[in-house]
Amino acid sequence: MATNTTTSMNFLHLIPPLTNTNSFLHVKPVSFLPITSNKRFNGDFSLSVAFNPSGSFDFNLTEDESETEQVAPPLPPTQGRLEIEINNDIIRRLDLSPVHAIDKTTSSSTDSFPAEPKKLLEQTVGFTINYEREDPQDPRELSEFPDIRLWYVRLDATYPWFPVVLDWRAGELARYAAMLVPHQISLRKGIVFNPEALELFVMNKAFSAYSWLKEQNVSKPKLKIKDMARMLGFGLSDELFDLIEQYPDNHS
């Protein structure tokens, strides 16, 4: 019996970069509203998704702003989107009740959330993070605080499909990824993700969110997942979804 010498299948590929002027490969622009005023860069700036395919994260965080093209500002929040507000106390307690609160018809039980999944998909979801630093001069971005990231880790562990309902075009998907994926921040590059970690994140979300969309009988789930991956600069092949359909997760 012949054996297949191909040990890996390229279900995921990079969308061609918009620019290729240096070693950092920019993916499709994904900007989001500055989540804090970063004194390290002397003011607010919009973050875009980028990553370094070589795995080297040595770059100058104080690049001359006048010598580099700045990323386009993000789109404003989608009108009427559902807003999750969290603060230091909620973060400290790893409290997910603000997440449940966006679904007025559900209780605080994780089993019953969301009662209206299609409403979340239609209106989209965003975050307002009211975080007070112990040191007002702390220059770190919100995605660099371990306690905030831990809150997002719990959210993602509880609802692994959550990225699919976010307000992507206002930058919420990029910020969500930043909370979970190792990265550095550059004035010129925006968020510079660890490439392998970002790829694993995209694949993980593709599996979990696709299954959830199918369970909710959402139309065109494959297209929705492809669009989500594209927002982070990745393309997903049809073969991946064919395999998922051929070998479904029969956990129930």
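**Salt bridges in the predicted model**

K205 and D156 join their side chains in a salt bridge, with an N to O distance of 2.8 Å. K205 belongs to helix 6 (residues 195-215) and D156 to helix 4 (residues 146-158), so this pair ties together parts that lie 49 residues apart in sequence. Both partners, K205 and D156, are buried. The model examined here is a predicted one, and the number of salt bridges in it comes to 13.

A second pair sits within a single helix. The side chains of R175 and E172 meet in a salt bridge at 3.1 Å, N to O. Helix 5 (residues 172-180) holds both R175 and E172, which are three residues apart, or about one turn of the helix. R175 has a relative accessibility of 7% and therefore counts as buried; E172 is likewise buried, with a relative accessible area of 5%. This pair also takes part in a wider arrangement: R81, E83, D167, E172 and R175 are joined into one network by salt bridges that share partners.

Turning to another pair, D89 and R93 form a salt bridge through their side chains, with 2.9 Å from N to O. What degree of exposure do D89 and R93 have? D89, at 33% relative accessibility, counts as partly exposed, because the buried class ends under 20% and the exposed class begins over 50%. R93 is also classed as partly exposed, with a relative accessibility of 43%. Among the 13 salt bridges, then, are the buried pair K205 and D156 and the partly exposed residues D89 and R93.

Key
Residues are numbered from 1 along each chain as its sequence is written. This is a predicted model: local features need pLDDT of at least 70, side-chain atom pairs count only at pLDDT 80 or more; totals for chains, interfaces and linings use all residues. Side-chain values use heavy atoms; hydrogens and water are left out. A salt bridge is a side-chain nitrogen of Lys or Arg within 4 Å of a carboxyl oxygen of Asp or Glu. Buried means under 20% relative accessible area, exposed over 50%, partly exposed in between (1.4 Å probe, protein chains only). Helices (H or I, at least four residues) and strands (E, at least two) are DSSP runs, numbered from the N terminus.
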